[in-house]
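Open the model in your viewer and keep the selection tool at hand. Each stop below says what to select and what is there.

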Amino acid sequence: MSNWWRGMVAGALVSGGVAAFVRRRVTAGTSARTRHRSETLFAYHAARHKILILGAGFGGMAAALRLDEQLGNRGDTSVLVVDRDSALLFTPLLWTVADGRADPNDVVVPIRAFQRGRSFHLLHANVEGIDLDRREVRTSAGIRAYDYLVVALGSVTAVPSLPGLRERALRFHTPADAIELRNHLIDALENAHHTVDARERREWLTFVVGGGGDTGVELAATIRDYLQVGLLAEYPWLVDERPRVVVVGRAQRLVPMSSPTTSSAVERILRDEGVEVWTDVAIEGVTERAIQTSRGTIPARTLFWAAGITAPPVVRDLPVEHARNGAVLVDETLRVPERPEVFVVGDSAWAFDGVSGEPAPPTAQAAGHMGEYVAEAIAGLIAGQQPTPFRFVTRGRLALLGHRTGVAEVFGHAFQGLPAWLLWHGYYLSAIPAWRNRIRLLTSWLLAGLTGRVTAQLRLGSSTGAEEISEAREPSQVAS
Ligand SMILES: Cc1cc2nc3c(=O)[nH]c(=O)nc-3n(C[C@H](O)[C@H](O)[C@H](O)COP(=O)(O)OP(=O)(O)OC[C@H]3O[C@@H](n4cnc5c(N)ncnc54)[C@H](O)[C@@H]3O)c2cc1C
């Protein structure tokens with residue numbers, strides 16, 4: 001084993017182990033806790049304090065776990081969490097699915113695992129509407145009333161209505177998108193391989209990412225990394241053809257929410273990795289063979305869109321004041337003005353630190369803080385105390401920027417290159433709240449390092465339509 005590998009294994013294990021120890025209080029899934037006891041709908045409605053949490057992502061789960069700590073023993077309180085999915089998607093680790101080092105199952109944690117030994121309840125249903133006047137939520141499993149409501153429904157990628165954009169731009173938000181990214185890159189290389197037209201080949205080998213924020217830069221770096229490291233073994237001609245990856249940002253610098261020093265480091269690392277950086281440039285439209293920008297046209301067949309998020313429709317439809325991206329404008333206690341029983345957290349909220357006035361960023365870290373804060377605020381309200389303003393102090397930022405490189409700002413200290421890459425892996429390995437996932441991820445990453453990354457396409461479409469077609473045909477009609 002080379003020194004580099006020893007360093008990587010030791011670094012990931014040590015940092016993962018130490019941080020996991022600290023975080024054990026929120027660990028779910030493998031602890032020897034007592035079994036969860038279910039509750040009837042009647043019991044929920046009969047509870048004196050009905051707390052309804054919409055969404056079991058970073059914000060919603062943090063609220064449920066902290067409420068359990070604060071109010072778990074109270075017989076007159078019921079906490080119900082509603083989500084359309086049965087698993088928490090740990091988005092920061094999606095990059096390692098897209099770059100062929102991990103499996104989609106490695107980055108999702110079943111939410112029922114969090115219930116063991118805890119008293120909150122789960123309803124697997126779609127949230128269809130919120131009636132603030134009647135204090136009721138309409139779900140696909142019926143209506144649920146509430147005394148306190150926590151809206152934690154996250155966000156979706158915002159795609160503006162520029163010519164061709166909504167039809168052609170690829171998104172990156174889910175495990176299916178991560179698999180689709182791999183599929184798409186392989187399709188593009190195969191198309192480039194068999195075309196005899198040099199211009200068309202360059203188009204297939206050019207990949208544009210719209211958005212110079214955190215997601216955009218990590219997406220561009222992941223594409224570059226998967227092409228250079230993951231697919232090179234199967235497509236050795238890539239060495240001569242040199243695919244082009246371009247990240248296009250509207251702001252004057254990349255990751256504008258970070259410090260100027262971090263922005264410069266991100267730009268330098270991306271350029272070193274072979275990513276072209278276009279800042280202060282707007283994408284204006286996309287056709288089958290080109291991306292139009294304010295700086296000119298890029299001949300390319302692929303555009304990924306990662307320039308902004310918007311609140312989901314059920315949040316945008318709320319008759320309250322919204323920010324431009326549809327998130328709900330909340331007060332310093334994360335409540336909807338004039339609705340003291342309604343809290344909004346995470347990406348669905350447009351929130352500010354109650355003391356500094358700084359905006360809370362749309363990150364998993366901020367969503368978790370907000371979830372914990374509202375849980376304590378609700379527990380306080382039930383005990384007759386008014387909440388103090390919400391405070392958000394970031395622990396730092398981490399970004400994966402390609403092969404064994406990245407940037408990190410942790411408690412005021414900056415790291416770049418391999419140390420940042422190791423920190424990223426160690427931190428997120430510890431942060432995913434289940435030992436099963438940690439072990440699976442570490443094994444997947446090590447295996448990918450030793451035996452190579454996943455380079456097989458995986459089509460996730462259903463076969464239902466195909467069966468109907470083949471049944472409708474007579475055997476004689478089928479070509480041999
Ligand atoms: C690719 C990617 C990488 C990221 N990397 C990072 C990172 O490195 N660090 C970081 O801090 N942040 C990162 N983020 C941002 C982070 O994922 C979000 O800020 C965070 O998930 C917000 O938490 P939330 O609780 O508001 O929403 P979510 O965690 O998205 O949870 C929302 C929940 O609501 C449910 N839901 C939505 N609509 C409905 C409905 N109608 N009915 C029922 N249920 C519904 C969803 O199923 C989901 O479980 C990343 C995001 C992406 C897309």
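Select Glu 341 first: at 7% relative accessibility it counts as buried (buried is under 20% relative accessible area, exposed over 50%, partly exposed in between, with a 1.4 Å probe and protein chains only). The model is a predicted one, where local features need pLDDT of at least 70 and side-chain atom pairs count only at pLDDT 80 or more, while totals for chains, interfaces and linings use all residues. Residues are numbered from 1 along each chain as its sequence is written, and side-chain values use heavy atoms, without hydrogens and water.

Glu 341 belongs to strand E21 (residues 339-344); helices (H or I, at least four residues) and strands (E, at least two) are DSSP runs numbered from the N terminus. Now add Leu 132, Arg 135, Tyr 146, Asp 147, Tyr 148 and Leu 149, which Glu 341 touches when residues up to four places away in sequence are not counted (contact means heavy atoms within 4.5 Å).

Next, select Trp 424 and Tyr 428. Their ring centres are 5.1 Å apart and their planes at 65°, so the pair is edge-to-face. Rings of Phe, Tyr and Trp (its six-membered ring) pair if their centres lie within 6.5 Å; planes under 30 degrees apart count as stacked, over 60 as edge-to-face and the rest as tilted. Both residues, Trp 424 and Tyr 428, are buried. They lie four residues apart in helix H13 (residues 417-431), about one helical turn. Add Phe 58, Phe 90 and Tyr 427 to see the aromatic cluster that these residues form with Trp 424 and Tyr 428.

Which residues meet in a salt bridge at 3.8 Å, N to O? Select Arg 202 and Glu 241, whose side chains do so. A salt bridge is a side-chain nitrogen of Lys or Arg within 4 Å of a carboxyl oxygen of Asp or Glu. Arg 202 lies in helix H7 (residues 198-204) and Glu 241 in helix H9 (residues 238-241), so the pair ties together parts that are 39 residues apart in sequence. Arg 202 is partly exposed, at 31%, and Glu 241 is partly exposed too, at 26%.

Move on to Arg 397 and Asp 214, a salt bridge with its closest N and O atoms 2.7 Å apart. Arg 397 sits in strand E23 (residues 396-400) and Asp 214 in helix H8 (residues 214-230), so this pair ties together parts that are 183 residues apart in sequence.
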